[in-house]
Amino acid sequence: MSGIRTIRTLLIANRGEIACRIARTAKSLGIRTVAVYSEADADALHVKSADTAYPIGPAEAAKSYLDIPRLIETAKRAGADAIHPGYGFLSENAAFAKACAEAGIIFVGPDVPAIEAMGSKAAAKEIMAKAGVPLVPGYHGADQDLSILKKAASEIGFPVLLKASAGGGGKGMRVVEAEKDLESAIAAAKREAAAAFGDDRLLIEKYLTRPRHVEMQVFADRLGNVVHLFERDCSVQRRHQKVVEEAPAPGLAEEVRVAMAEAAVNAATAIDYVGAGTVEFIMDEDGGFYFMEMNTRLQVEHPVTEMITGQDLVAWQLRVAEGHPLPLLQEAIRRNGHAVEVRLYAEDPARDFLPQTGTLTRLGFPEAGTGIRIDSGVVEGDSVSVHYDPMIAKLIAYGADRTEALRLLARALGATQIDGLANNAGYLKRIVEHPAFLAGEVDTRFIERYGEELGSEAGDPASLHRIAATSLLETQRRKALEDARRSRDPFSPWAMAHGWRLNDSPLHRIVLLSGGEEFALEYHLESGGCRFEDGGGPVLVHVDPDEGGDMRVRVDGVPFDGEVRADGESVTVFSGGAAHRYLLKSALASGADAGEDSGHVSAPMPGKLIAVQVAVGAHVAKGDPLMVLEAMKMEHVIRAPDDGVVAALHFAAGDQVEEGADLLLFEKGAEG
Ligand code: MV4
């Protein structure tokens, strides 16, 4: 038996960015790619990035991306000789690896026993202890007598950490600071573990107060070669979700790196590992490191390793899966420079990171290339649904050193344009620009420590409002000019206007809506822009006149470091990774009062009308509730702008409305 099985057709049993990522490498190797898709993904990018695609069922992952028989049957139908599971879904599912083997299909991953061995956290620790891989000092025994547990805890020394044996991912962990709290903590932890996992056994460990998450990338082939490709630091996490990942780990002493690499290679060797794997360690402040778990798949954060080693890990996986030796042996694997990845998510940092669903009305990334890599599975116009992980993209920066990589990443985040869905771009930018992060002071409590300052948006709102107003006025001017040209009316004032009117113009007023708030701005028209005189922001905002569709904005003479996209009714100002959307409420010339357009009441934000509390003809007083709009999981009461009568209703309860939708017609003053 030669042991080589050539892969000609590869089925990718995944979706999103990782499916696209795998297809890219497979194509470059001349391998035909087969995508699979759920009903929600018929038009998804991963479908378009493969040579062919097969439907595998409804949107729910359990009925599509997790349906083992359906995937095997599809692979057979498509003539696939191998399946790559990506990450998540079935990537660490031993039954799936088994089903592939039984069907004569190559599973791009380790053999079933290795997946099974690492699937149980307690069993994994036992194997690792035997292989000489360091474990956190602790008690992992089967004897769960209270007296035994108490004795173990005092031997380990306080503080200790109680963990559910059956747990993982941080669930059911409990810190015990002192002996006196132990007994009640054990009782509570056992109750919790029993309820959550149906198994009340506990582990006790020395509690590391400021740990780092450092993981080693390993690779093994079927010929017995096992190598590492250095480490990644993934310490910056939020609720056990990685937020930033980098390689190499900042400040890691070379002797610790060497020892950790050796431990990781020993771990892989101990379970006859094949393919790409990650050995996770928890590291204390003195460089002591301890085995946590082993992931038997390609990780989300593999690109940072690719950047510093110059290797394509998916290509390595496919070579190994075919039975070839590793492309490089240890001595030939080098690292260079520094890489950092952030995970861009459709989640709202202002609302406790609530996942967002909806349409990406705008999605623009800085150009990939010099030092910036973007792995994404969505394009502008796609939607993010409730069915899958709301990750939009991974942004990866590579530089000669950490400072350079972080500088590049911050700029890339600042130039990212996302609209339609709240997202964490601005939040990520503040992390990678944070002085403590820049200084390499990373540990698993980073976000807990700096959460407050990371959550708040820096920047100058007054300046954004003024940029928005000026840009809106400029689009209106361009439109009017265009209309006048088309109508060939030589007497139209717009047709004669060469630009903005001169600065002896009267005071104007514009009312903008943004994020459920109203902003009234007063300005004078100037040649090329607006002059604002009420202090508290820039005075002059100019838009360069003949820039095609672009808005080249200058603020007090300085080019605006962001982008503006406007039509006649709305404008989005992209700045520092955030999208600020404004809607024109009214733009009436002259007079401080004239701005109130009392005729219409409009929706302050997109949402669903959950109640209409008035009927046509109703007499209401100023401030009376008219409708209730549910938007972004909150209820907003739409109130009467004045005393008056409801003249017409344009929507009913249950209707979905756009931001700025004309909800009802209101007649002012008709007091009954
Ligand atoms: C710890 C620890 C401190 N001391 N064990 C969290 C999930 C899990 N698999 C292990 N975890 C931890 N174990 C001891 N003895 C702190 C954590 C921990 C953590 C570890 C890695 C990455 C992020 C983390 C966030 C909070 C707590």
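Modeller: A residue is near a molecule if one of its heavy atoms lies within 4 Å of it. This is a predicted model, in which local features need pLDDT of at least 70 and side-chain atom pairs count only at pLDDT 80 or more, while totals for chains, interfaces and linings use all residues. Residues are numbered from 1 along each chain as its sequence is written, and side-chain values use heavy atoms, leaving out hydrogens and water.

Biologist: OK, which residues come nearest to the ligand?

Modeller: The ligand has 18 residues around it, and the nearest are Leu 161, Glu 205, Lys 206, Leu 208 and Gln 237.

Biologist: And what does Lys 206 put next to a ligand nitrogen?

Modeller: A backbone N or O atom of Lys 206 lies 2.7 Å from a nitrogen atom of the ligand, a polar contact (a pair of N or O atoms within 3.5 Å). The side chain of Glu 205 has an N or O atom 3.0 Å from a ligand nitrogen, and for a polar side-chain atom of Lys 163 the distance to a ligand nitrogen is 3.2 Å.

Biologist: How much of the ligand's accessible area does the protein cover?

Modeller: The protein covers 87% of the 520 Å² that the ligand has on its own, by the Shrake-Rupley method with a 1.4 Å probe.

Biologist: Switching to α15, which residues are buried there?

Modeller: In α15 (residues 446-455; helices are DSSP runs, H or I, of at least four residues, and strands are E runs of at least two), Phe 446, Ile 447, Tyr 450 and Leu 454 are buried (under 20% relative accessible area, 1.4 Å probe, protein chains only). They lie on the same side of α15 because they cover an arc of only 100 degrees around the axis, taken from the directions from the helix axis to the C-beta atoms.

Biologist: What do they pack against?

Modeller: The buried residues of α15 pack against β12 (237-238), α13 (425-432) and α14 (435-438), with contact meaning heavy atoms within 4.5 Å. On the face turned away from them, α15 carries Glu 448 and Glu 452, which are exposed (over 50%).

Methods
A polar contact is a pair of N or O atoms within 3.5 Å; within protein, one must be able to donate a hydrogen and the other to accept it, and residues adjacent in sequence count only if both atoms are side-chain atoms.
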